[in-house]
Amino acid sequence: MQPRNMSMSGVVDLAAVKAAQEAKAKAEQARAEAARQGGGTGAVSPADLVIDVDEAGFEREVLQRSAEVPVVIDFWAEWCQPCKQLSPVLERLAVEYNGRFLLAKIDVDANQMLMQQFGVQGIPAVFAVVAGQALPLFQGAAGEAQIRQTLDQLVAVAEQRFGLTGLTVDPDAEPGGGAQTAPAVPAGPYDALLEAAVQALDAGDLAGAVQAYKNVLSEDPANSEAKLGLAQAELLQRVQGADPQQVRKNAAEKPGDAQAQIAAADLDLVGGHVEDAFGRLIETVQRTVGDDRDTVRLRLLELFEVVGAEDPRVAAARRALARALF
């Protein structure tokens with residue numbers, strides 16, 4: 001299988017401005033907390049730069065870690081001969097790049113669900129996760145020069161767009177001794193604020209619910225419950241008072257109008273037509289350019305948050321969006 005190159009501009013498209021701001025805030029929070037505790041660096045050993053990941057540890061080892069360092073995922077299997085050529089190169093480069101990225105190795109035979117969620121069609125396959133957002137890098141046994149170029153672009157975008165400067169590596173550190181130095185659990189609790197948001201939703205006070213969720217995120221930008229709740233509340237707020245018949249008439253008459261298609265997609269999603277909503281916006285991305293295209297893309301990313309990253313329809317739509325953008 002020939003390697004498939006992917007433009008590094010995709011990481012910006014897949015993560016979006018909102019995710020970038022949240023990732024920066026979390027990274028800054030972790031650095032500030034480390035400094036408060038005595039200036040600790042949270043240094044890891046070179047051996048900690050290559051980790052084996054399974055389904056149970058994926059959220060902790062990949063999604064959460066991707067808020068502080070780009071995580072490169074190597075999908076492999078013991079029977080795969082090209083994997084045996086590629087994996088050692090990736091492992092060596094992970095150490096050579098000295099903490100600029102973390103390499104997570106996933107055995108597809110033991111982790112079929114992860115393979116399906118990423119839409120892996122064949123191995124070896126290499127993906128990256130940056131600020132919780134996934135993007136494909138290449139598939140097949142790529143040459144080292146191509147791998148280096150891709151990694152250079154990845155770490156540059158991660159730093160420039162997301163403020164992810166990577167991990168501090170101490171060659172004398174014991175393996176496993178410092179990888180989790182930065183606090184993973186933010187200050188809280190937020191139960192009262194989250195409950196206030198739920199009560200506001202139940203009462204039909206969408207503006208109050210939006211503000212309550214934003215209050216949580218101002219203190220804890222990575223709070224998954226608040227992020228999901230905010231996305232849902234904002235969606236309901238957008239469709240409140242809309243005339244469904246007029247919205248759909250506008251969308252049918254103006255297939256290239258970004259705002260008309262966005263409004264119709266919101267209605268699709270509220271009505272439970274998830275695939276219709278995603279498909280409408282992906283088609284609009286293909287029809288539009290410039291600011292209109294970016295506006296549609298960002299709304300699609302917001303709808304992904306409403307549905308949830310674990311939903312297979314989101315994974316399929318992300319792949320379709322990547323194809324539409326490249």
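Contact here means heavy atoms within 4.5 Å. With that in mind, the predicted model can be explored one helix pair at a time, after a brief look at the whole chain.

The protein chain contains 13 helices and five strands. Of its 326 residues, 48% are buried. The surface that the chain exposes comes to about 15,600 Å², and carbon and sulfur atoms supply 49% of that area. Among contacts in the chain with a separation of 6 or more, 74% join residues 24 or more positions apart.

Two packed helices are described by the angle between their axes and the distance between the axes. Three pairs in this chain can be read in that way.

The pair to begin with is helix α10 (residues 258–270) and helix α12 (residues 290–307), which pack at an angle of about 10° with axes 10 Å apart. Angles under 35 degrees count as roughly parallel, and α10 is therefore roughly parallel to α12. On the α10 side, the residues that meet α12 are Ala258, Gln259, Ile262, Ala265, Asp266 and Leu269. Their partners in α12 are Asp292, Thr295, Val296, Arg299, Leu303, Val306 and Val307. Sorted by class, this contact has eight nonpolar, two polar and three charged residues.

A second arrangement appears where helix α7 (residues 206–219) packs with helix α8 (residues 224–239). Their axes come within 9 Å and cross at roughly 155°. Because angles over 145 degrees count as roughly antiparallel, α7 and α8 are described as roughly antiparallel to each other. The crossing of α7 past α8 is left-handed. From α7, the contact draws on Leu206, Ala207, Ala209, Val210, Tyr213, Lys214, Val216 and Leu217. From α8 come Glu225, Ala226, Lys227, Gly229, Leu230, Ala233, Glu234, Leu236 and Gln237. The residues of this contact divide into 11 nonpolar, two polar and four charged.

The remaining pair joins helix α3 (residues 81–96) to helix α5 (residues 144–162), with an angle of about 45° and axes 11 Å apart. These two helices are therefore oblique to each other. In this case α3 passes α5 in a right-handed crossing. Leu86, Val89, Leu90, Arg92, Leu93 and Glu96 of α3 make the contact with Glu144, Ile147, Arg148 and Leu151 of α5. There are six nonpolar and four charged residues in the contact of α3 with α5, and no polar ones.

Note on methods:
Residues numbered from 1 in each chain as written. Predicted model: local features only at pLDDT ≥ 70, side-chain atom pairs only at ≥ 80, totals over all residues. Heavy atoms only, no water. Axes fitted to C-alpha atoms, helices over the stretch in contact; angles between N-to-C directions. Helix = DSSP H or I, 4+ residues; strand = E, 2+ residues; numbered from the N terminus. Parallel < 35°, antiparallel > 145°, perpendicular 65-115°, else oblique. Left-handed = near helix turned anticlockwise from the far one by under 90°. Nonpolar A, V, L, I, M, F, W, Y, C, P; charged D, E, K, R; others polar. Buried < 20%, exposed > 50% of the residue type's maximum accessible area, 1.4 Å probe, protein only. Areas by Shrake-Rupley, 256 points an atom, 1.4 Å probe, with all protein chains shown as cover.
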